[in-house]
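Biologist: I'd like a close look at one part of this model, the charged pairs. Could you walk me through them once it's up?

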Amino acid sequence: MFRSIRKKKNEISTDEVKELLRCSRRGILAVNGEDGYPYAIPINYLYDEDTNKIIFHGAKAGYKVDCLKACNKVCFTVCGNERIQEESWAPFLKSAVVFGRCRLVENQEDTIKMVKKFAMKYYPDEKMADEEVASSGRAVQMFEIEIEHLSGKEVQER
């Protein structure tokens, strides 16, 4: 159902893809928008390796929510780990592409747990994460992408 990487020499391992998902701070979420137009937006996210899901937060209403309610199929992309080798001016860059289905998390207890897990990635310590969860945890909408397929590659940009 999902295509494989065309240039096999550029393909990175599943472990490298998961490492890129773990380490990156932002990705691009693409949903099916209205009138056949894709809608892609940058988001902060957490790759939850235990559940093999991508989690992120957002508003409880809006265009993204409307699009996801109409069609839960999404694509999520991350780029990173850029490096320049001494002998070359052009950087090497890794990217990961995830296909899956996204759902809104409705259960409040699950939402609070996810907000805490998410906050631990972005806040410098647990105390600050707990303060954020206490102040806004109940107002936030959490989303989770159940990963159906992932792939990645490394290319030199020249």
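Biologist: Which residue forms a salt bridge with K116, and how far apart are the closest N and O atoms?

Modeller: Keep in mind that this is a predicted model. The partner you're after is E126, and the closest N and O atoms of E126 and K116 are 2.9 Å apart. This pair links distant parts of the chain: E126 belongs to helix α4 (residues 126–136) and K116 to helix α3, with their positions 10 residues apart in sequence. Both ends are partly exposed, E126 with a relative accessible area of 43% and K116 with 23%.

Elsewhere, salt bridges with shared partners connect E19, R22 and E49 into one network.

Helix α3 also has a salt bridge of its own. There the side chains of E109 and K113 meet, at 3.5 Å from N to O. Because E109 and K113 sit four residues apart in helix α3 (residues 108–122), about one helical turn separates them. Both E109 and K113 are exposed, whereas K116 is partly exposed.

Now for a pair that reaches across the sequence. K94 makes a salt bridge with E16, and here the closest N and O atoms are 3.1 Å apart. K94 is in strand β6 (residues 92–104) and E16 is in helix α1 (residues 14–23), so this salt bridge ties together parts that are 78 residues apart in sequence. K94 has a relative accessibility of just 15%, so K94 counts as buried, the cut-off being under 20%. E16, on the other hand, is partly exposed, at 32% relative accessible area. If you scan the whole structure, you'll find 12 salt bridges in total.

It's worth setting these pairs against the nonpolar side of things. The largest nonpolar core has 26 residues, and the members touching the most others are L21, L29, Y45, I54, F56, F76 and I145. Elements giving two or more residues to this core include α1 and β6, the two elements that the K94 and E16 salt bridge ties together. Also on that list are β1 (26–32), β2 (38–44), β4 (53–58), α2 (63–70), β5 (73–83) and β7 (141–156). There's a second, separate core as well, made of 10 residues, with I55, V105, F118 and Y122 among them. As a general point, nonpolar side chains in soluble globular proteins tend to be buried together.

Definitions and conventions:
Residues are numbered from 1 along each chain as its sequence is written. This is a predicted model: local features need pLDDT of at least 70, side-chain atom pairs count only at pLDDT 80 or more; totals for chains, interfaces and linings use all residues. Side-chain values use heavy atoms; hydrogens and water are left out. A salt bridge is a side-chain nitrogen of Lys or Arg within 4 Å of a carboxyl oxygen of Asp or Glu. Buried means under 20% relative accessible area, exposed over 50%, partly exposed in between (1.4 Å probe, protein chains only). A nonpolar core is a set of buried Ala, Val, Leu, Ile, Met, Phe, Trp, Tyr and Cys residues joined through side-chain atoms within 4.5 Å.
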